[in-house]
Amino acid sequence: MTRRGRVALKVVVWGVCLAPLALLAYRAWNDDLGANPISFITNTLGDWTLRILLASLAMTPLRIVFGLSWPITLRRLLGLFAFFYVCLHFSVWIVLDFFFDWPRMWADIVKRPYITIGMAALVSLIPLAATSTTGMIRRLGARNWTRLHRLAYVAAVCGVLHYTWLAKVGVKDPYWYATALVILLGVRVWEWGRRAMRRRHAAAAVGSRAENQLS
Amino acid sequence: MLIRRAPRFTESQITDPKLYLSRRELMSGAAAALVLSPSLASAAAPAPVLAPLVATRNAAFSVTDTATKVEAATTYNNFYEFGVNKDDPSRLGHTLRPRPWTVRVDGFVNKPKTFDIDELIKLFPLEERVYSLRCVEAWSMVIPWVGFPLASLLKRVEPNGQAKFVEFTTLLDPNQFPAQKPGFFGFSSLDWPYVEGLRLDEALHPLTLLTVGMYGKVLPNQNGAPIRIVVPWKYGFKSAKSIVRIRLVGEQPKTAWEKAAPAEYGFFSNVNPAVSHPRWSQADERRIGEFRRRPTLPFNGYADQVASLYTGMDLKKFY
């Protein structure tokens with residue numbers, strides 16, 4: 001892909017990722033957030049956190065399945081936008097929902113499984129955001145960095161469970177997210193399995209060649 | 001049909017509320033003209049112009065809190081027959097036809113009867129009562145309802161000695177309630193029809209209001225037209241909407257929410273800040289229209305009137 005193409009792609013990603021926030025601001029400005037604005041804002045930000053996080057996890061499967069390499073260049077940007085939305089989601093909870101009632105919030109984190117796991121998702125994204133720069137990749141070494149960034153899977157699983165556990169009976173949306181996540185992780189598992197198999201075949205081939213030479 | 005808010009397509013098309021409200025007035029005028037013109041009226045669905053109801057304010061049974069804005073009370077609803085989202089009932093409510101309508105009152109009674117809704121409304125003097133409404137989802141509203149005590153109706157049909165509970169059944173009609181149609185893979189949110197129930201003494205309590213209107217007008221479809229129950233000391237889902245049958249029974253009815261999630265929604269479901277929902281706290285609530293949470297009161301503030309109904313009961317066990 002040309003440099004211009006890459007820039008255009010990033011501009012599109014910025015636009016798509018900022019649009020929900022702009023729409024939210026627009027609706028707030030027009031007093032059009034419905035009867036329960038705090039709940040509407042919280043839910044919207046949570047929804048977009050999950051969508052963007054799942055989008056970031058879709059970049060590798062696009063390479064595995066369709067052989068496309070350019071989506072990988074968007075992965076960091078998408079991951080950071082997911083972190084941005086989860087921070088907003090969390091801030092709204094602290095400021096608008098509970099207005100700094102720390103004991104009450106702590107009690108919920110400890111007692112309510114959907115909040116506990118939501119916190120786990122948020123916390124597991126922090127080191128990823130902190131080590132997202134090229135400098136950090138170099139400092140950690142590609143191998144360690146890759147290992148650390150598998151936390152993205154933990155964050156996504158916890159995030160989807162967070163929504164599944166809080167949703168009331170009959171709400172289907174969490175199951176769509178769960179389905180998407182299962183597909184995205186399933187593609188990776190399939191790819192790992194295939195690679196492991198190929199390695200074993202290669203090792204077996206080397207082994208038999210060595211035997212042949214010995215005889 | 002005519003008066004629904006136009007669907008939103010893009011943000012640039014979102015109409016200033018002032019504009020669409022004036023448009024709404026214009027359209028209701030147009031709808032009235034349609035009704036007056038017989039040839040056109042047959043082609044048009046009934047316009048949701050809500051008829052005013054004459055009722056006397058019962059101050060003794062009213063809270064003094066400011067009533068929730070009618071726009072909020074009619075657009076932020078839980079009415080699963082239309083869908084699980086808060087705006088589904090107001091968006092899709094037009095599919096419900098509240099006339100003609102009958103309510104069957106039967107079971108363990110001496111005088112079972114099927115009432116026509118218009119006959120039923122005229123049986124007893126209508127009262128306006130401002131009640132607070134606490135949803136199990138930890139939000140609340142204050143709503144001026146119009147209706148009469150359920151006890152008046154029950155006394156008329158004369159419950160006999162076998163009657164121990166009252167069961168309310170909501171209309172079952174997938175053509176009028178779109179969410180009653182099975183969805184993907186036969187997936188349905190609740191086991192239809194919606195069934196709710198009260199113990200007989202709860203049903204006979206003077207606070208229990210058989211409700212036909214709110215804010216001085218007949219009930220909008222999304223709020224349970226044409227007739228619903230309002231039990232202000234219990235979580236909102238106990239107050240069945242669009243009722244077609246009231247049956248006096250000997251056994252505790254199996255309610256729709258108990259069937260769906262028995263660990264979360266008990267038969268009694270009295271508002272109780274000391275008993276958490278398994279997934280969230282019930283200690284406080286957000287009053288719609290207010291910014292800060294406010295503490296939830298035992299029995300939703302009606303403890304003086306109703307706590308005696310539950311003397312000796314472990315409310316943690318009978319949640």
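Okay, let's start in chain B, with a pair of residues: B:F168 sits across from B:I246, which belongs to strand β11. Bear in mind that this is a predicted model.

That pairing is part of a longer match. Strands β6 (residues 165-170) and β11 (residues 243-249) of chain B run antiparallel, with 6 bridges between them. β6(B) also has β7 (residues 195-199) as a partner, again antiparallel, over 5 bridges. There, B:E167 is the residue opposite B:G197.

So how many residues of β6(B) are buried? It's 6 of 6. As for which way they point, B:F165, B:E167 and B:T169 go one way, while B:V166, B:F168 and B:T170 go the other. That's what you'd look for, because side chains in a regular strand alternate between the two faces of the sheet.

Now over to chain A, and helix α1, residues 3-29. With 27 residues at 1.5 Å each, the helix should span 39 Å, and the end C-alpha atoms are 38 Å apart, so the two agree. Still, α1(A) has a bend of about 35 degrees at A:A19, with a proline, A:P20, following within four residues. After the helix comes A:D31, which has a positive phi, near 55 degrees.

On to where the chains meet. Here 17 residues of chain A contact 18 residues of chain B. On the chain A side, α1 and α9 (151-166) each put in at least two residues. By class, that side has 10 nonpolar, 4 polar and 3 charged residues.

One last residue, from helix α9 of chain A: A:V157. Is A:V157 buried or partly exposed? Partly exposed, because 18 other C-beta atoms lie within 10 Å, and buried would take 20 or more. A:V157 is also 9.3 Å from A:I117, C-alpha to C-alpha, though they're 40 residues apart in sequence.

Definitions and conventions: Residues numbered from 1 in each chain as written. Chains lettered and ligands numbered in written order. Predicted model: local features only at pLDDT ≥ 70, side-chain atom pairs only at ≥ 80, totals over all residues. Expected span 1.5 Å × (residues − 1). Bend = angle between axes of the 7 residues up to and from the residue. Contact = placed C-beta atoms within 7 Å. Nonpolar A, V, L, I, M, F, W, Y, C, P; charged D, E, K, R; others polar. Buried ≥ 20, exposed ≤ 12 C-beta atoms within 10 Å, placed from the backbone. Pairing = 2+ DSSP bridges.
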